[in-house]
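This report goes through the charged side chains, the sheet and the helices of one model, in that order of topic. The sequence and the structure come first.

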Amino acid sequence: MTTALVATYKDVGTIWNVKDDLISTGIPNDAIKIDKEHAKIRVTFPDQTKAEIMEILNRHAPAEIH
């Protein structure tokens with residue numbers, strides 16, 4: 001089963017760093033969607049990797065994760 005999370009950041013530059021971190025942990029590029037206008041990143045991943053994904057998203061001080 002897969003899960004999707006959306007994280008909102010204060011600036012667009014941060015979402016590119018988050019994307020790089022996600023890709024470096026093995027998340028495929030096509031599982032990551034970026035909304036530059038709203039500084040959001042959406043990532044879809046297997047349920048068993050949720051803790052690791054949350055750690056990466058939180059590492060970059062998001063304003064919100066849902």
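In this predicted model, Glu55 has a relative accessible area of 42%, which is why it counts as partly exposed. Its side chain meets that of Arg59 in a salt bridge, with 2.5 Å from N to O; both residues lie in helix α2, four residues apart, or about one turn of the helix. As a general point, an α-helix has 3.6 residues a turn, so residues three or four places apart point the same way.

Arg59 is likewise partly exposed, because its relative accessibility is 47%. Arg59 also forms a salt bridge with Asp21, where the closest N and O atoms are 3.2 Å apart. This second pair links distant parts of the chain, since Asp21 belongs to helix α1 and Arg59 to helix α2, with their positions 38 residues apart. The count of salt bridges comes to two, and Asp21, Glu55 and Arg59 are thereby linked in a network.

| Salt bridge | N to O distance |
|---|---|
| Arg59 and Glu55 | 2.5 Å |
| Asp21 and Arg59 | 3.2 Å |

What becomes of Lys19, which is buried, in terms of charge partners, and which side chain of opposite charge is nearest? Lys19 has no salt bridge, and the nearest such side chain, that of Asp20, is 6.9 Å away, whereas a salt bridge would require a nitrogen and a carboxyl oxygen within 4 Å. Lys19 lies in helix α1, which spans residues 12-24, and, leaving aside residues up to four places away in sequence, Lys19 touches Asn29, Ile32, Ile34 and Ile41.

The sheet is open and has four strands in the order β2-β3-β1-β4, with antiparallel pairing. Its edge strands are β2 (32-35) and β4 (64-65), each of which pairs on one side only. In general, strands of a sheet pair through backbone hydrogen bonds, either parallel or antiparallel. Between β1 and β3, which run antiparallel, there are seven bridges, and one position in this pairing is that of Ala7, whose bridge partner in β3 is Ile41. Strand β3 (residues 40-46) is also joined to β2, again antiparallel, by four bridges; here Lys33 has Arg42 as its bridge partner in β3, while Asp35 stands opposite Lys40. The hairpin of β2 and β3 has four residues between the strands, and within this hairpin Ala39 takes a positive phi near 55°.

Both helices can be placed relative to these strands. Helix α1 lies across β2 and β3 and runs at about 180° to β2. Helix α2 (residues 50-59) packs on the sheet, where it touches β1 (2-8), β3 and β4, and its direction makes about 160° with that of β3.

Within α2, the residues Ile53, Ile56 and Leu57 are buried. They lie on the same side of α2 because they cover an arc of only 95° around the axis. The cover over the buried residues of α2 includes β1, α1, β3 and β4, so that α1 takes part in this cover and also carries Asp21, the partner of Arg59 in α2. Just after α2, Ala61 takes a positive phi of about 55°.

Key:
Residues numbered from 1 in each chain as written. Predicted model: local features only at pLDDT ≥ 70, side-chain atom pairs only at ≥ 80, totals over all residues. Heavy atoms only, no water. Helix = DSSP H or I, 4+ residues; strand = E, 2+ residues; numbered from the N terminus. Buried < 20%, exposed > 50% of the residue type's maximum accessible area, 1.4 Å probe, protein only. Lys, Arg positive; Asp, Glu negative; His and termini not counted. Contact = heavy atoms within 4.5 Å. Pairing = 2+ DSSP bridges. Axes fitted to C-alpha atoms, helices over the stretch in contact; angles between N-to-C directions. Arc of directions from axis to C-beta.
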